[in-house]
Amino acid sequence: MIALTEIQAAASRIAPYVLRTPTVASPGLSALLGVPVTAKLEVLQRTGSFKVRGATNTLLQLGDADRGAGVVAVSGGNHGIAVAVMAGELGVKATIVMPRSAPEHARQAAADAGATVRITDDMPGAFALSAALRADGLVAVHPFDDPAVLAGQGTAGLELADDAGELTDVLVSIGGGGLIAGIAAALHARRPGVRVWGVETEGAQAMSAALAAGGPVDVELSSVVTTLSAPRVSQLTYDHVAELVTDVVVVSDAEAVRGTLDIADHAKVWTEPAAGCLLPAARRVLDRVGPQARLGLVLCGGNATTASLGVGR
């Protein structure tokens, strides 16, 4: 399990490179949900998502030989952008492997940062190509199966613990589970009474399937929310969720997209459906815990275009 000291060390290490994003009360979301809501605005983070935290923490700890070899990262979008941008800033050659379903703007952003972008037919194929490239000598920067990545993502939870007012429940989206694992570890240490809830979309339910099976299993991916579409969680992230997370809520793609638009309307913040899914999940959490709750929503990223949601010009 990730220790608080590891998250604190990561926070110090990455501080010159990432933003301490705002943690703010949202009057609009509070009115919409009927309870006090605090939002952690990772949409304002460098590269547009929390992923830069874990990527930076990992890249900064590479030895000279690994830096010289170059890195490879598999991504549905945000992790690839983060690794590409930070590798370029730190002088490390990066190859980003993305499935064809990854948003075009994410592929372009990684390429614009100087990375080599490789496209595969699907996410399992992306992991297979990454394995082949690792065999050829590249060093993996895994999106979630790495303690350094979890510690980096956990710095968002450390900031939330320090900056938020009273909270009873915090909701965090799950793809491979790196963000929720890191945040849950930070909150468990700093605010042990706070419940942490995971959120997935139908067709991207790797953590729900793992919890039902008692460990990581492969899942079929069909969700349009590609940034949450991990084909399998890791033992590392599963162990954190199984021990530290109250439950995982699953919502539909349509609910996630509607949540994105509702957050834009009521909070005046543009998010991805990967964050929009938190809003319908919050209503279900409130049905379970009651109206005295005080919610924290980690708005994990904003790398979606209006056109991708069918609302562009």
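Which hand does the crossing of α3 and α5 have? The crossing is right-handed. Keep in mind that this is a predicted model. The notes below go through two helix pairs, the nonpolar cores, a few residues in loops and strands, and two backbone oddities.

**Helix α3 against helix α5**

- Helix α3 covers residues 51–59 and helix α5 covers residues 78–90; their axes sit 8 Å apart and the packing angle is about 40°.
- That angle makes α3 oblique to α5, since anything from 65 to 115 degrees would count as roughly perpendicular and anything under 35 as roughly parallel.
- On the α3 side, the contact is made by K51, V52, A55, T56 and L59.
- On the α5 side, N78, H79, A82, V83, M86, A87 and L90 take part.
- Sorted by class, the contact of α3 with α5 has eight nonpolar, three polar and one charged residues.

**Helix α1 against helix α8**

- Here the pair is helix α1 (residues 4–14) and helix α8 (residues 147–163), whose axes come within 8 Å and cross at roughly 90°.
- So α1 ends up roughly perpendicular to α8.
- From α1, the contact takes in L4, E6, I7, Q8, A10, A11 and I14.
- From α8, the contact takes in A151, G152, G154, T155 and L158.
- The class split for the contact of α1 with α8 is seven nonpolar, four polar and one charged.

**Nonpolar cores**

- In soluble globular proteins, nonpolar side chains tend to be buried together.
- The largest nonpolar core in this model has 67 residues.
- Inside that core, the residues with the most contacts are L33, V170, L171, V172, L295, L297 and L299.
- Helix α9 (residues 178–190) supplies the largest share of this core, at eight residues.
- Take L295 from that list: leaving out residues up to four places away in sequence, L295 touches L33, V35, P36, V37, T38, L167, D169, L171, A282 and L286.
- There is also a second, separate core of 25 residues, and V52, A73, M98 and A106 are among its members.

**V52 and Q45**

- V52 belongs to helix α3, and its relative accessible area of 0% makes V52 buried.
- Not counting neighbours within four places in sequence, V52 is in contact with V18, Q45, R46, T47, A82 and M86.
- Two of those partners, A82 and M86, also appear on the α5 side of the α3 contact.
- V52 and G301 are 249 residues apart in sequence, with C-alpha atoms 11 Å apart in space.
- Q45 is found in the loop between β2 and α3.
- At 4% relative accessible area, Q45 is buried.
- With neighbours within four places in sequence set aside, Q45 is in contact with V18, L19, T21, V52 and R53.
- V18 turns up in the contact lists of Q45 and V52.

**L41 in strand β2**

- L41 sits in strand β2 and counts as buried, because its relative accessibility is 10%.
- Outside the four places on either side in sequence, L41 touches T21, P22, V24, V269 and L299.
- One of these, L299, is on the list of residues with the most contacts inside the largest core.
- L41 and G301 are 260 residues apart in sequence, yet 8.0 Å apart in space, C-alpha to C-alpha.

**E202 in a loop**

- You'll find E202 in the loop between β8 (195–201) and α10 (206–213).
- E202 is partly exposed, at 44% relative accessibility.
- Residues up to four places away in sequence aside, E202 touches S223, V250, V251, S252 and D253.
- E202 and L221 are 19 residues apart in sequence and 8.8 Å apart in space, going C-alpha to C-alpha.

**Positive phi away from glycine**

- Most residues other than glycine have a negative phi.
- T47 is not a glycine, yet has a positive phi of about 70°.
- Its location is the loop between β2 (37–41) and α3.
- K268 isn't a glycine either, and has a positive phi of about 60°.
- K268 lies in the loop between α12 (253–267) and α13 (273–276).
- With 67% relative accessibility, K268 counts as exposed.

Key. Residues are numbered from 1 along each chain as its sequence is written. This is a predicted model: local features need pLDDT of at least 70, side-chain atom pairs count only at pLDDT 80 or more; totals for chains, interfaces and linings use all residues. Side-chain values use heavy atoms; hydrogens and water are left out. Axes are lines fitted to C-alpha atoms, for helices over the stretch in contact, and angles run from 0 to 180 degrees between N-to-C directions. Helices (H or I, at least four residues) and strands (E, at least two) are DSSP runs, numbered from the N terminus. Angles under 35 degrees count as roughly parallel, over 145 as roughly antiparallel, 65 to 115 as roughly perpendicular and the rest as oblique. A crossing is left-handed if the near helix is turned anticlockwise from the far one by less than a right angle, and right-handed if clockwise. Contact means heavy atoms within 4.5 Å. Ala, Val, Leu, Ile, Met, Phe, Trp, Tyr, Cys and Pro count as nonpolar, Asp, Glu, Lys and Arg as charged, and the others, Gly among them, as polar. A nonpolar core is a set of buried Ala, Val, Leu, Ile, Met, Phe, Trp, Tyr and Cys residues joined through side-chain atoms within 4.5 Å. Buried means under 20% relative accessible area, exposed over 50%, partly exposed in between (1.4 Å probe, protein chains only).
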